[in-house]
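Colleague: Please choose one part of this model and take me through it closely. I am more interested in how one piece sits in its surroundings than in a tour of everything.

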Amino acid sequence: MGTATNMGPAYFPTVLGGLMAVLGGIMFLQSFMVIGEKVARHVLRPLFFIILSLLFFGYLLKPIGLVLALAFLLGVSAFAGHESKPGEMLILSIGLILFSVLVFVKGLGLPFPLWPKFLG
């Protein structure tokens, strides 16, 4: 891991993770001291669809490729909101897919399949 003067590869992520855990604990404890409105009952719907879309993305990335998995991720996660419009989702999907392909596949050289194997 190393020291502060001679950092190893695990030093920064470990220190950053520790700081985030401490800050999260402080915010968690402060949340019990503030009196506010009750949480609405329908807040579980967005959480459900976001988690479901992430699970589908992770499962579908290898078989159907990055482009279609991202499109599926955005399509499922659109059900989490109540104001999503098809035109906006299409523009968001195209932008996110282009950005992800350029950054992760072309820029960083990560070996993500772009398309399903049967499409070449």
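Modeller: The following looks closely at helix H3 and then at what lies around it.

This is a predicted model, in which local features need pLDDT of at least 70 and side-chain atom pairs count only at pLDDT 80 or more, while totals for chains, interfaces and linings use all residues. Residues are numbered from 1 along each chain as its sequence is written, and side-chain values use heavy atoms, leaving out hydrogens and water.

To place H3, start with the whole chain. The protein chain has three helices and zero strands, arranged along the sequence as α-α-α. A helix here is a DSSP run of H or I with at least four residues, a strand a run of E with at least two, both numbered from the N terminus. Along its principal axes, the C-alpha trace of the protein chain spans about 55 × 50 × 20 Å. Buried residues (under 20% relative accessible area; exposed is over 50%, partly exposed in between, with a 1.4 Å probe and protein chains only) make up 19% of the 120 residues in the protein chain.

H3 covers residues 86-107. With 22 residues at 1.5 Å a residue (times one less than the number of residues), H3 should span 32 Å, and its end C-alpha atoms are 30 Å apart, which agrees. Just after H3 comes Gly109, with a positive phi of about 70°.

Which residues of H3 are buried? They are Met89, Ser93, Ile97, Ser100, Val101 and Val105. An α-helix has 3.6 residues a turn, so residues three or four places apart point the same way. Helix H2, residues 44-77, is among the parts that cover the buried residues of H3. Leu102, by contrast, lies in H3 but counts as exposed because its relative accessibility is 55%. The C-alpha atom of Leu102 is 41 Å from that of Gln30, a residue 72 places away along the chain.

Take Ser93 as one example of a buried residue in H3. Ser93 counts as buried because its relative accessible area is 12%. The side chain of Ser93 reaches the backbone oxygen of Met89 at 2.7 Å, and Met89 is itself one of the buried residues of H3.

Ile97 leads across to H2. Leaving aside residues up to four places away in sequence, Ile97 touches Val67, Leu70 and Ala71 (a contact means heavy atoms within 4.5 Å). Ile97 also belongs to the largest nonpolar core, whose nine residues are Leu61, Leu66, Val67, Ala69, Leu70, Leu73, Ile97, Val101 and Val105. H2 and H3 each supply at least two residues of this core, and H2 gives the most, with six residues. Such a core is a set of buried Ala, Val, Leu, Ile, Met, Phe, Trp, Tyr and Cys residues joined through side-chain atoms within 4.5 Å. In soluble globular proteins, nonpolar side chains tend to be buried together.

Finally, a serine in H2 can be set beside Ser93. Ser77 lies in helix H2 and counts as buried because its relative accessible area is 18%. The side chain of Ser77 reaches the backbone oxygen of Leu73 at 2.9 Å, and Leu73 is one of the core residues. A polar atom of the Ser77 side chain also lies 3.3 Å from the backbone oxygen of Leu74. Not counting residues up to four places away in sequence, Ser77 touches Phe49, Ile50 and Ser53.

Methods:
A polar contact is a pair of N or O atoms within 3.5 Å; within protein, one must be able to donate a hydrogen and the other to accept it, and residues adjacent in sequence count only if both atoms are side-chain atoms.
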